[in-house]
Structure formats: C-alpha cells, structure tokens
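Work through the exercises below with the structure open. Try each task before you read its solution.

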Amino acid sequence: MDRQIISRYLGQPSELPAAVRSRIEESFGGEPVQLYGLADLDHTLQLKESWLALGPSHVALARPDAKGSWHVRAVERSHIRAVQDAPGLSANTLSLLGAPNDPPLAVVRYTQRQRGAFENIRFVLEEALHGRTVTSDDADRVYAEAVARPVRDAQALVANRRTAVILRLLAYLKPYRTQLTLGFSAAAVITLVSLVPPYLAGYVIDQVVRPAQTGGLDRTVASRIAWMAVSAMAVLFVVREAAALVRLRLMSVLGELVARDLRAELYEHIQRLSLAFFSRKKTGSLITRVTADTDRLWDFLAFGVVDVSLSVVMLLGLSVVLLVLDWRLGLVMTVPVPLFIYAIYWHGESLQRLFIRAWRKWSRVTDVLSDTIPGIRVVKAFNQEGREIVRFDERNDDVTDEFNRIHRTWTTFWPALMFFVHATTVLVWMFALPRLLGEGSALSAGVFVSFLLYATMFINPIEMIGQMARTMNRATSSAHRVFEVLDSKPEVQDGPAPVRLTPVQGRVTFENVTFAYDGVRQVLRSISFDVAPGELIGLVGPSGGGKSTVVNLIARFYDVSGGSVKIDGVDVRALDTGHYREQLGMVLQDPYLFHGTVLENIRYGLPDASLGEAIAAAKAANAHDFICKLGQGYDTMVGERGHTLSGGERQRVSIARAILHNPRILILDEATSSVDTETEREIQEALERLIAGRTVFAIAHRLSTLRRASRLFVLEDGKLAESGTHRELLGKHDGIYRRLYELQLQLQ
Amino acid sequence: MEQTSTTELPAHPVKARAPAFSLRRAVDGRLVAMTATGSVAVRLRQCFPWSEPRMHLSLRDEDDNEIALIEDPASLDPDSQRTLEDALAEAGFVLEVTHVLDIDEEVEIRHWTVETKQGRRTFQTHLDDWPRLLPSGGRLIRDVGGDLYHLADPKHMDKRSRELLWAFVD
C-alpha cells in the first residue's frame with residue numbers, strides 16, 4: 001500500500017529507479033543498496049531529484065547531470081567522522097563529514113516529506129560511528145514506509161474507484177437477497193402502477209366522456225365504463241400504497257440489518273487490531289465510523305440504491321411513454337431533461353464549495369468554544385471575558401453570513417429550476433393548443449391530459465438523478481472510512497497452532513531483544529535477561545530509555561524486531577495471545593475504569609466472580625472502606641472513565657480488579673506516581689499484597705518505592721545498562737542508578 | 001558530533017552584540033559561532049518565523065542549547081551578516097506557491113496540486129486543516145508530512161487559483 005500511496009499521491013518514485021540503483025551498486029563494487037532516501041531539494045533549494053544510498057561499506061550520492069544522466073559519487077563509510085543534520089521549517093540538510101577541516105563528504109537537502117527516510121539513514125550511520133551495526137533487509141520497504149507514513153496515518157487506504165467501493169458495499173446485501181428482491185419488486189410495482197392512472201385518464205376522456213357528450217356512446221354504457229375506470233384507478237392506488245408499504249418496511253429493515261452487520265464486523269475488527277493502529281487514529285474518528293458512517297450507509301442501502309435505480313427506470317419509461325403518446329410533444333418534454341439533471345448536479349457541486357467555506361468558518365467558532373469553555377478559569381483570571389465575547393461574535397457573524405450565502409443560493413436555484421420546468425409545460429401547451437383546435441396533425445384532449453399528467457411525474461426522478469453524484473459521493477466516503485478500518489491488519493497475530501500455557505509459571509526471558517517501532521530506529525538494543533517466577537523486577541532509568549517498551553513486549557502489544565521474548569521458555573509469538581493475556585495483569589499510572597458500577601469494574605476480568613470474592617479483592621486493595629462509604633456501595637456508578645472517584649480511589653479499584661484477575665505476571669506502570677503521600681502508602685500496601693507470589697515488572701520514577709525489588713534493571717538509551725539489587729547498584733560509584741538515586745534524595 | 005574547538009562554552013547564552021561574537025562557515029560546511037570563550041557548531045532557529053523572520057535569531061548547539069540570541073543581525077560584522085543571511089535562507093525556507101492548479105477531496109485528506117517557485121508539487125492536508133492567516137497577510141498551509149507552503153498574496157494570484165482558493169481564504 002505504501003508504494004501505491006507514493007505513486008498515486010506524492011508524485012515521486014515509489015522506489016529507487018532501477019537505472020540509478022544499478023549505477024550505485026556498480027559504484028559499491030557490486031554490494032547491494034541497504035537504505036536510501038530521495039533528496040528533493042538541490043543546493044539552490046529548487047525541487048530536484050537526487051538520491052542518497054547506503055551500502056554495507058559505502059555511501060553514494062546520485063545526481064542527474066544537465067543531460068539527465070545520473071552522476072554517482074561513492075565514498076567509503078569508514079571515512080565518515082560525523083553526521084550532521086540541520087532541520088529548518090521545510091528544508092533539512094544532512095551533511096556527512098569527513099576529516100576535520102576537509103569539505104563535507106556529502107551534503108543533501110530535502111523537504112519534511114523525506115525526513116523519515118533520511119532519519120533512518122542518519123540513525124544507521126550514527127550507530128556505525130558508535131561501533132554498532134544496523135542493517136535493513138528490504139531497502140524499498142523501509143523507504144516506502146517512511147515516505148508514505150504521514151499520508152497513511154491520515155488515510156490508511158488508496159481510494160478505490162467509486163464503482164468498486166459501491167460493489168463491495170452491495171456485497172453486504174447478499175445475505176438478504178429475498179428481502180432485496182421483494183423490495184425491488186415492490187418498488188417496480190410502484191413505478192409501473194404510477195404510469196397507469198394518467199393513461200386511464202386520457203382513455204376515459206377520449207373513449208368515454210367525449211363520445212358520450214357527442215352522442216357517439218350510450219350514456220349507460222359510458223357510465224359503466226367510466227365507473228370501471230374509476231374502480232380500476234382506486235384498485236391501482238391501493239396496490240401502489242400496499243407496494244409502498246412493503247417496499248419501505250422491507251428496505252428500511254434491510255438497511256438496518258446491513259448497518260448492524262457492518263457495525264458488528266467493524267467493532268469486532270477494532271477489538272482485534274494492535275495498539276499501533278490506535279496510536280495512529282483518533283478515538284473520535286473511530287467512534288464516528290462505527291456510528292455516523294454506518295448510519296449513512298443504512299440510508300444509502302435502504303433508499304438510495306432503490307430510489308436512484310428506479311428513478312432511472314422511471315425517467316426512461318416516462319420518456320418512452322411520452323414519445324409513444326405523441327412524439328412531437330414528447331420531444332419538447334424530454335429534450336430539456338438532461339439539462340435539468342446537469343443543472344441540479346452543477347448546483348450540488350457549487351453548494352459543496354460554499355459548504356467547505358462555511359465549514360471552515362464554523363470550525364473557527366468551535367475553536368473559540370473549545371478554547372474558552374474548558375479554559376474559563378484562565379479567561380476570568382486574566383479578565384478577558386470582553387475580548388472573548390467580541391472574538392466569538394465576530395466569528396459567529398462571519399459564519400452566519402456564509403450560511404446565508406448558502407440559503408440565498410439554493411433558494412434562488414430551485415424556483416429558477418421549477419420556472420424552467422414549468423416553461424417546458426407552457427411550451428408543450430403552445431405546441432399542443434393549435435393542434436387541439438384542429439390545426440396541423442390532430443391531438444385528442446385525452447392524449448393531451450395524459451401527457452400533462454405524465455409531465456408532472458418527471459420532477460422527482462430528475463431531482464433524484466441530479467443528486468445521485470452527491471449521494472454516491474457521501475456513501476463511498478463513508479464506505480471508504482469503514483473499509484479503511486476493516487482492511488487494517490493487526491500487527492500482532494497468533495500462529496497457526498498457538499500454544500496455551502496452563503497455567504503460566506511466570507518465567508520471563510529476553511534473548512538479544514531489539515525493537516524498533518518504525519522498523520529501523522531501535523528503541524531496545526540487544527537486551528537479554530532471565531527473570532524467575534515470583535521475582536519483583538524494578539525497571540528504572542531516564543525517560544525514553546525503553547522501560548515502557550519492555551513491558552509492551554512482555555504483554556505482546558508489539559512483536560520484537562530481533563531476538564525473542566520467552567514466557568516459561570516458549571516464544572511469546574507462539575502463544576495463544578488471548579489465553580496468555582488472561583494470565584497477565586496491568587496496573588497503569590492512569591487507571592481506566594469503564595462506565596458502570598464499582599462492582600462491574602472490579603469483576604471486569606472475571607465477570608463470574610462471587611460478591612464475596614469481589615469484596616476480598618477490594619479489601620486486599622485497601623478499597624473496601626471507601627467503597628462502603630459511597631452512596632450505593634459496590635453498586636455505585638463510577639461515571640465515564642470513573643470520573644466520580646478520586647485518582648487514588650480509581651487506582652485502588654484497578655488494583656482490586658487486578659487482584660481478582662489473579663495474574664501470573666503483573667505489570668505496574670507508575671502505579672503510585674500521581675497520588676499524594678497518604679494515598680501512596682495505602683496503594684503501596686495494596687500492591688504488596690497484590691505482588692505476592694507473582695512475577696512483577698514495576699516501572700517507577702520514585703526509586704524509593706522499588707527498594708524491595710528482587711532486582712533492578714536500569715535501562716538507558718535502549719540498553720540494559722545495569723542490573724542488581726538496590727544495595728548492589730548503590731555500591732557502584734559511577735553507576736547510573738546511584739546517580740539517579742542521589743539526585744532524587746537531593747530533591748527531597 | 002564534534003565541535004570545532006574544545007574550548008569551554010559559556011554557561012549562559014550570550015547576547016550576540018559583543019564585538020567578540022562572529023559567525024562563519026567552516027570548511028566542512030557547518031555554521032560556527034565564535035565567542036570570546038571559543039567556537040561551536042550551531043544551528044539557526046528563527047524565534048518569529050512569520051512575525052519577524054529576520055530578527056531574534058537563536059543559535060543552538062547540537063543538543064539544542066541556546067548559544068546566542070541575535071536580536072538584530074545588523075549588530076554583527078559584515079562577514080557574519082552574510083553568513084547569517086545564507087543560513088537564514090535555508091532555515092526559513094518554505095515552498096512559495098505561485099499558482100494553485102487543483103484542489104480535490106478524498107475520504108480523509110485534501111489533495112493540492114500547486115506550482116511553486118521551486119517547482120510543481122502535490123501534497124495532502126487533513127480535511128479539517130485550513131490555511132493559516134499570517135501576520136504579513138499571506139497564508140500558510142501545512143501538509144500531513146509537515147512541509148509548509150506559503151501563499152504570499154492569494155488575492156493577486158491568477159483567476160483559476162483564486163477560484164480554487166475561494167473556499168479556503170477570505
């Protein structure tokens with residue numbers, strides 16, 4: 001997909017051109033290109049293409065000469081003394097420096113779009129300067145991923161042709177073929193039946209009324225035929241409305257069923273996706289897809305598909321009937337139809353432009369609201385209420401002007417369109433009247449009446465077809481958004497025969513683990529350790545050292561880039577992930593409680609636990625007392641995300657939840673960092689009960705909380721820099737742990 | 001990365017008015033600030049890239065510590081001013097849009113095809129990202145990759161560009 005994104009959207013090569021690659025590899029002495037990036041600015045900061053490529057022992061810069069052929073200059077990587085990057089607003093410069101006081105070995109300039117690819121190159125070169133070798137097995141993939149990532153994060157799909165998306169969407173109707181067929185048949189009946197009354201009207205006038213008036217038909221016979229016609233018309237209307245009932249009910253239910261299926265498939269898929277996906281997508285955007293987008297698709301499937309297709313049939317049918325009734329008048333009526341359809345389409349497109357402008361101005365109004373309502377204390381503290389009111393009023397007036405512009409446009413368009421439609425009817429009258437009065441070819445009053453009645457039926461299908469483009473656009477946009485999620489593959493997947501550890505003993509082994517979120521820049525470098533069941537391991541070190549990544553890998557939220565993580569000697573990738581996570585517990589810095597009662601939250605991982613077990617867990621978590629003081633005890637609703645409880649209370653409920661879950665491996669991620677000292681003491685007590693008999697990995701910035709750890713792992717710059725007990729590490733005079741510990745003591 | 005000199009640097013950034021302060025381009029291409037206490041490779045950062053792009057320029061070392069703050073380049077010697085001018089051209093570079101050729105919307109992104117002083121460019125923005133009004137009256141568009149596109153004066157662009165931009169600028 002990355003390559004498709006680059007070639008479709010970014011207007012640059014999706015990989016190193018073959019001719020350039022072969023020239024570069026020639027200059028490398030036959031060695032392969034391992035990494036590369038497109039430098040899209042030249043030294044005068046004009047957009048121009050050149051390539052920087054990295055091989056095992058060389059780096060090459062390929063530039064086109066004036067004639068367009070590629071000039072390649074390669075230097076040995078061993079000559080590189082430093083790599084310097086100078087970021088600017090939109091231009092970045094990467095310089096490869098050689099010996100001091102020598103000109104740089106290579107200088108490339110590039111826009112932010114290429115930054116990911118060049119950061120990969122810089123990382124590999126800098127690692128080499130520190131004696132570490134990082135290689136990439138697929139240069140094309142790494143380049144495509146780095147360049148396409150910003151677009152992919154914004155829209156994880158290459159938009160398909162509209163027809164392909166609609167066809168995929170229509171495939172969801174398959175299980176409901178019977179209802180669909182019945183719904184379509186009912187709609188077809190409505191269309192056909194609608195064509196009969198005007199014909200009957202014409203027939204009664206020409207064949208019954210006029211002959212009866214002129215004495216050509218016996219009045220009794222005429223009356224019988226007329227009443228039969230009226231009865232037929234009544235039956236037709238009954239049939240029509242019965243068909244309408246069938247159609248509306250079947251199609252709306254069918255649309256709802258398809259929307260339900262889509263929502264279920266979407267939600268199930270979202271639950272299976274890896275954490276990496278959620279870091280790319282906003283929560284609001286995902287919620288919209290499950291709710292508003294599926295609702296819009298219901299509308300399209302329930303009514304749009306049938307309405308549009310039957311409108312086409314209706315319009316064609318009407319045109320044929322009119323031309324058959326009277327081809328001259330038929331032409332007068334049908335020739336302007338394509339113009340009307342185009343006018344409605346054009347009007348829709350114009351409105352779209354107006355709506356974008358209004359939407360932009362509307363977002364300026366909501367900006368003020370989302371700034372000042374949450375920040376009202378600051379507004380008041382700085383006495384800025386007056387200024388904010390003026391700011392809001394200006395924007396409010398502005399957006400009102402835009403909406404009024406939209407109203408002026410559509411209120412002008414529709415009467416104008418209807419004027420032209422009626423003008424067509426007037427034209428029909430102008431052509432018809434002389435003929436009705438006996439000039440030219442004859443035209444009967446009945447045919448003319450039928451004709452006029454048919455003419456009024458043109459309006460609806462014209463409007464429907466004119467708006468078809470917008471209906472389709474909206475449906476395909478929603479379908480794209482839904483399919484974008486459905487087509488995302490979870491990065492972490494179980495193998496074909498996953499292993500179940502029953503129960504997990506709790507031995508955790510890291511063997512030469514390396515990990516990079518983006519596949520190149522490693523945040524963990526060759527980390528190895530073996531933790532016995534029941535050990536309490538403290539993970540410490542500066543921010544960005546890799547502590548959270550270690551626990552993410554233990555929980556298998558991500559898979560390692562190199563080496564392996566083993567649980568009881570089995571590679572975590574071979575395990576049944578769901579079953580394994582049932583035996584894993586986490587207590588996080590910001591505990592997440594779900595909307596529901598305290599009891600439901602404590603029993604989240606074990607819904608069948610008895611009330612006694614829930615109370616026992618709450619007591620162990622030092623939570624029982626405060627829960628009993630709540631108005632409705634364990635049945636108290638905690639509100640969205642548990643907002644009715646304090647931070648310390650939420651944390652103790654989350655510990656009770658973990659205790660009840662009874663995990664074999666427990667991860668504590670800054671569990672006490674955001675509470676006061678007294679609450680921390682209570683939480684610490686609870687944690688001590690929780691960790692007994694389990695393998696525990698605890699991340700904490702307050703090092704004093706980890707004194708009881710069996711061992712401490714100090715992670716710095718992605719490496720396991722030190723390990724040992726608190727006492728052992730304090731004994732290291734130049735140790736990182738000792739330095740951090742002393743620093744914290746000073747601050748206290 | 002190495003510094004051009006091992007001399008200790010001042011603990012606090014200097015105000016770049018002292019006569020001892022100068023800037024030069026090293027042979028290896030790096031921008032080097034020379035103070036009374038030594039020299040160090042620096043990067044240039046504009047404090048106000050849109051409000052006052054040529055004043056209040058921060059010179060920072062490789063760890064992003066401020067080495068000097070140049071309030072007004074005129075306070076420097078002519079050679080340093082020229083060096084600074086070159087560095088400013090790179091640090092403050094953004095793509096200058098001259099014509100808007102097409103704006104199209106897709107599912108989550110808006111596609112722009114523009115002609116810039118630097119060449120033709122296609123880029124994408126989020127649907128809810130709008131051009132930003134600058135103090136100079138121009139507009140600034142930021143694409144999903146972080147590149148910036150400057151429209152100096154949308155009202156004086158060609159008719160087609162103005163039509164396309166109508167929904168996006170006032």
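A residue is buried if 20 or more other C-beta atoms lie within 10 Å of its own, exposed if 12 or fewer, and partly exposed in between. By that rule, 33% of the 170 residues of chain B count as buried. Keep in mind that this is a predicted model.

**Exercise 1. Outline chain B.**

Task: State how many helices and strands chain B has, and in which pattern they follow one another.

Solution.
- Step 1: Count the elements. Chain B has two helices and twelve strands.
- Step 2: Read along the sequence. The pattern is β-β-β-β-β-β-α-β-β-β-β-β-β-α.
- Step 3: Look at the contacts in chain B with a separation of 6 or more. Of these, 41% join residues 24 or more positions apart.

**Exercise 2. Trace the six-stranded sheet.**

Task: Give the strand order of the open sheet of six strands in chain B, and find which strands stand at its edges.

Solution.
- Step 1: Write the order. It is S9-S8-S7-S12-S11-S10, and the pairing is mixed.
- Step 2: Find the edges. S9 (119-126) and S10 (132-133) of chain B each have a single partner strand, so one side of each lacks a neighbour in the sheet.
- Step 3: Start at S9(B). Eight antiparallel bridges link S9(B) with S8 (residues 109-116) of chain B. B:Thr116 is placed opposite B:Gly119 of S9(B).
- Step 4: Go to the other edge. S10(B) pairs with S11(B) over two bridges, in the antiparallel sense. Here B:Leu133 faces B:Arg139 in S11(B) as its opposite residue.
- Step 5: Move one strand inward. S11(B) and S12 (residues 148-151) of chain B run antiparallel, joined by four bridges. B:Arg139 has B:Leu151 of S12(B) opposite.

**Exercise 3. Compare turns and faces around S11(B).**

Task: Which glycines in the two hairpins have a positive phi, and which residues of S11(B) lie on its covered face?

Solution.
- Step 1: Take the hairpin of S10(B) and S11(B). Five residues lie between the strands, and B:Gly137 in the turn has a positive phi of about 100 degrees.
- Step 2: Take the hairpin of S11(B) and S12(B). Five residues lie between these strands too, and B:Gly146 has a positive phi near 100 degrees.
- Step 3: Recall a rule. In a regular strand the side chains alternate between the two faces of the sheet.
- Step 4: Sort S11 (residues 139-142) of chain B. The covered face has B:Arg139 and B:Ile141, and the uncovered face has B:Leu140 and B:Arg142.

**Exercise 4. Describe where the chains touch.**

Task: Which element gives the most to the side of chain B that touches chain A?

Solution.
- Step 1: Count both sides. Chain B brings 35 residues to the contact and chain A brings 38 residues.
- Step 2: List elements of chain B that supply at least two residues each. They are H1 (78-91), S8 and S9.
- Step 3: Pick the top contributor. S9(B) gives the most, with five residues.
- Step 4: Sort the residues on the chain B side by class. There are 15 nonpolar, ten polar and ten charged.

**Exercise 5. Classify a helix pair.**

Task: Are H6(A) and H7(A) roughly parallel or roughly antiparallel?

Solution.
- Step 1: Choose what to look at. Two packed helices are described by the angle between their axes and the distance between the axes.
- Step 2: Read both values. The axes of H6 (residues 177-214) and H7 (residues 219-272) of chain A come within 8 Å and cross at roughly 165 degrees.
- Step 3: Apply the cut-off. Angles over 145 degrees count as roughly antiparallel, and H6(A) and H7(A) are therefore roughly antiparallel.
- Step 4: Add the hand. The crossing of H6(A) and H7(A) is left-handed.
- Step 5: Sort the contact by class. It has 29 nonpolar, three polar and three charged residues.

**Exercise 6. Explore a sheet of chain A and its backbone.**

Task: Where do A:Pro503 and A:Ser526 lie?

Solution.
- Step 1: Set the scene. An open antiparallel sheet of four strands in chain A has the order S9-S8-S11-S12. Its edge strands are S9 (524-531) and S12 (570-571).
- Step 2: Locate A:Pro503. The loop between H16 (468-486) and S8 of chain A holds A:Pro503. The peptide bond from A:Thr502 to A:Pro503 is cis, with omega near -15 degrees.
- Step 3: Locate A:Ser526. It is in strand S9 of chain A. A:Ser526 is not a glycine, yet has a positive phi of about 45 degrees.
- Step 4: Judge its exposure. A:Ser526 has 16 other C-beta atoms within 10 Å, so A:Ser526 is partly exposed.

Conventions. Residues are numbered from 1 along each chain as its sequence is written. Chains are lettered from A and ligands numbered from 1 in the order in which they are written. This is a predicted model: local features need pLDDT of at least 70, side-chain atom pairs count only at pLDDT 80 or more; totals for chains, interfaces and linings use all residues. Two strands pair if DSSP finds at least two bridges between them. Two residues are in contact if their C-beta atoms, placed from the backbone, lie within 7 Å. Ala, Val, Leu, Ile, Met, Phe, Trp, Tyr, Cys and Pro count as nonpolar, Asp, Glu, Lys and Arg as charged, and the others, Gly among them, as polar. Axes are lines fitted to C-alpha atoms, for helices over the stretch in contact, and angles run from 0 to 180 degrees between N-to-C directions. Angles under 35 degrees count as roughly parallel, over 145 as roughly antiparallel, 65 to 115 as roughly perpendicular and the rest as oblique. A crossing is left-handed if the near helix is turned anticlockwise from the far one by less than a right angle, and right-handed if clockwise.
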